[in-house]
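Work through the exercises below with the model open beside you. Try each task before you read its solution.

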Amino acid sequence: AREGGIDETLDPPLRDARKLRHGYIGTEHLVIGAASVIEQESPRLLCQLGLSADDVRRETYALLGHVT
């Protein structure tokens, strides 16, 4: 995949969709992926909110009824 290409962008949401055994990539997976990108590109943003990408993933999984 190209640096910053679509494959790289969709890889984190795809991993989470597979982990959740979902046959699609939905907004919930994109939110988790976006949090990961934000944490890498602008770590202070999530930190200022008192969050991490793992926090976003954990809460999203909980909302979906998936226990990690």
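Five exercises follow, each with a worked solution.

This is a predicted model, in which local features need pLDDT of at least 70, side-chain atom pairs count only at pLDDT 80 or more, and totals for chains, interfaces and linings use all residues. Residues are numbered from 1 along each chain as its sequence is written, and side-chain values use heavy atoms, with hydrogens and water left out.

**Exercise 1. Helix α1**

Task: Compare the reach of helix α1 with its expected span, then locate its kink and its buried residues.

Solution.
- Start with the limits. Helices (H or I, at least four residues) are DSSP runs, numbered from the N terminus. Helix α1 covers residues 6-19, which is 14 residues.
- Take the expected span, defined as 1.5 Å times one less than the number of residues. For α1 the expected value is 20 Å. From first C-alpha to last, α1 reaches 20 Å, close to that expectation.
- Look for a bend, the angle between axes fitted to the seven residues ending at a residue and the seven starting there. A kink of about 35 degrees is centred on P12.
- Now check burial. Buried means under 20% relative accessible area, exposed over 50%, and partly exposed in between (1.4 Å probe, protein chains only). P12, P13, D16 and A17 are the residues to mark as buried in α1.
- Ask what lies over them. The cover includes α2 and α4, the latter spanning 53-63.

**Exercise 2. Two residues of α1**

Task: Decide whether A17 and L10 are buried, partly exposed or exposed, and place each relative to a residue of later sequence.

Solution.
- Take A17 in helix α1. A17 is buried because its relative accessible area is 1%.
- List the contacts of A17, where contact means heavy atoms within 4.5 Å. Setting aside neighbours within four places in sequence, A17 is in contact with H22, Y24, I25 and H29.
- Add a distance. A17 and V31 are 14 residues apart along the chain, and their C-alpha atoms are separated by 12 Å.
- Turn to L10, also a residue of helix α1. At a relative accessible area of 32%, L10 is partly exposed.
- Its C-alpha is 16 Å from that of E41, with the two positions 31 residues apart along the chain.

**Exercise 3. The loop residue R21**

Task: Find R21, give its phi and say whether R21 is buried or exposed.

Solution.
- Go to the loop between α1 and α2, where R21 lies. This is just after α1.
- Read the backbone. Phi of R21 is near 60 degrees, a positive value in a residue other than glycine.
- Then the surface. R21 has a relative accessible area of 78%, so R21 is exposed.

**Exercise 4. H29 and its surroundings**

Task: Describe the burial of H29, its polar contact and the residues it touches.

Solution.
- Place H29 in helix α2, residues 27-41.
- Check accessibility. H29 is buried because its relative accessibility is 0%.
- Find the polar contact, a pair of N or O atoms within 3.5 Å; within protein, one must be able to donate a hydrogen and the other to accept it, and residues adjacent in sequence count only if both atoms are side-chain atoms. The side chains of H29 and H22 make such a contact at 2.9 Å.
- Complete the neighbourhood. Not counting residues up to four places away in sequence, H29 touches P13, D16, A17, L20, H22 and Y24.

**Exercise 5. How α2 meets α4**

Task: Classify the packing of α2 and α4, then examine residues on each helix.

Solution.
- Recall the description used. Two packed helices are described by the angle between their axes and the distance between the axes.
- Read both values. α2 and α4 pack at about 170 degrees, with axes 8 Å apart. Axes are lines fitted to C-alpha atoms, for helices over the stretch in contact, and angles run from 0 to 180 degrees between N-to-C directions.
- Classify. Angles over 145 degrees count as roughly antiparallel, and α2 and α4 are therefore roughly antiparallel to each other.
- Name the interface. From α2, E28, V31, I32, A35, S36 and E39 meet A53, V56, R57, T60 and Y61 in α4.
- Inspect E39 in α2. E39 is partly exposed at 33% relative accessibility. Beyond four places in sequence, E39 touches L46, S52 and A53.
- Inspect T60 in α4. T60 is buried, with a relative accessible area of 11%. Outside four places in sequence, T60 touches E28, V31 and I32.

Conventions
Helix = DSSP H or I, 4+ residues; strand = E, 2+ residues; numbered from the N terminus. Contact = heavy atoms within 4.5 Å. Parallel < 35°, antiparallel > 145°, perpendicular 65-115°, else oblique.
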